[in-house]
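Hello,

Here is the structure I promised to pass on to you. Please have a look at it first, and my notes follow underneath.

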Amino acid sequence: METVLSGIRPTGHLHIGNYFGAVKNFIKLQENYNSYFFIADFHSLTTHPTPKDLHDNVKNVLAEYLACGLDPEKATIYIQSDVPEIPEMYLLFNMNAYIGELERTTTFKEKVRKQPDNVNAGLLTYPVLMATDILIHRAQKVPVGKDQEQNLEMARKFAKRFNHMYGVDLFPEPQAFNFGEQLVKVPGLDGSGKMGKSEGNAIYLIDEPKVIEKKVMRAVTDSGPTQKNQEKPEPIQNLFTLMSIVSDKETYDFFNEKYNNCEIRYGDMKKQLANDIIAFTLPFREKILEIAADHDYLHKVVTMGAEKARASASKTLQEVRKAVGFRKF
Ligand code: ADP
Ligand code: TRP
């Protein structure tokens, strides 16, 4: 059975873009693959979160993953910092990663621009840690967005390099998991682009109904179509795309027809869209709150996840140490 693995940095709550673009697919993957889903809390240190926030951020993402249907019995769900084999392998991999190639990655250059006062060594070696995450379980498939393609390319490079340097066949070259047609991009409500945390336009699964209503009612629109069947400008298309994701087909068709007949009232459409988003997110919200309050359950999940992840990681690490030349006295 092939192994899939994906990590998420605990930097905020899950929004409906994350759900439809990533987590929903993970739930399918856990049925048919040996799967690992983890919370990359070491990675999040590269942007210096306050110690006060770190634990809550991890807990939020964990509770939200579980509420979405990630199943600790089917997948290995763990916290990166619970697996001490990861920092050890990261140290060994750093010896074969070169400053030049790390400095050239676009994600590093972007971070240098974004946080010029905090260009720490962890940022530079971010791709080494990510490669370690993947290679320590010898994962073949990694479901990530386009922005992670270069990091994945680095993981392939480090895998090949290790195999070649030590004359072993230890690591497969991990590939991006291609969802093909199924991959949806959830738009934002601010007129253009995608929904995202950093874009400040996200609707979170944990949002209260009132908050969602406010966010949707504020969505950018225009003065309405002037010709029948005219093409929709981006802000309007975004509303319809969101509706196609959360509402039923009749609802979508109803408003689409209104638009095409130049009879659309955006206020009505937004009200309907807000109701449908709330109907979609509310069961998640309730589940998240229930799981987040159940400390015994969360403790059980992370303990079991760490055990399973360490069993797999320590096997790989033993072979890595052997290949590098460490021997027991
Ligand atoms: P954010 O954009 O909120 O910072 P991340 O970059 O952490 O989210 O993405 C986490 C996962 O969610 C990735 O797999 C990414 O491709 C997916 N994702 C994020 N935003 C969207 C979106 N608007 N539509 C579809 N998928 C998304
Ligand atoms: N870098 C990824 C992101 O920002 C998170 C991540 C860390 C990851 N380690 C990983 C993703 C390993 C996939 C595999 O989204």
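**Ligand 1**

In this predicted model, an N or O atom in the side chain of Lys194 sits 3.2 Å from an oxygen atom of ligand 1. That is a polar contact, by which I mean a pair of N or O atoms within 3.5 Å; within protein, one must be able to donate a hydrogen and the other to accept it, and residues adjacent in sequence count only if both atoms are side-chain atoms. Asn18 also reaches an oxygen atom of ligand 1, with a polar side-chain atom at 3.1 Å. Lys197 uses its backbone instead: a polar atom there is 2.8 Å from an oxygen atom of the ligand. Ligand 1 has 13 residues around it (a heavy atom within 4 Å), and the nearest are His15, Asn18, Val186, Met195 and Lys197.

Before you go further, a word on conventions: residues are numbered from 1 along each chain as its sequence is written, while chains are lettered from A and ligands numbered from 1 in the order in which they are written. As the model is predicted, local features need pLDDT of at least 70 and side-chain atom pairs count only at pLDDT 80 or more, whereas totals for chains, interfaces and linings use all residues; side-chain values use heavy atoms, with hydrogens and water left out.

**Ligand 2**

Around ligand 2 there are 14 residues, of which Arg9, Tyr126, Met130, Asp133 and Gln148 come nearest. Arg9 places a side-chain N or O atom 2.9 Å from an oxygen atom of the ligand. Two side chains face nitrogen atoms of ligand 2: Asp133 at 2.8 Å and Gln148, through a polar atom, at 3.0 Å.

**The two domains**

The domain assignment (automatic or from a database) splits the protein chain into domain 1 (3-173 + 295-324) and domain 2 (209-289). Their centres, taken over C-alpha atoms, are 36 Å apart. Seven residues of domain 1 and nine of domain 2 make the contact (heavy atoms within 4.5 Å).

How much area do domain 1 and domain 2 bury between them? The figure is about 670 Å², 90% of it on carbon and sulfur atoms; buried area here is the accessible area (1.4 Å probe) that two parts lose on being put together, summed over both. On the domain 1 side, Ile16, Phe20 and Ala67 supply 67% of the area buried against domain 2, more than any other three residues. Between the domains I found zero salt bridges (a side-chain nitrogen of Lys or Arg within 4 Å of a carboxyl oxygen of Asp or Glu), and zero residue pairs in polar contact with both at pLDDT 80 or more.

**Salt bridges overall**

The whole structure holds 14 salt bridges. One of them joins Lys141 and Glu2, with the closest N and O atoms 3.3 Å apart.

Happy browsing, and best wishes!
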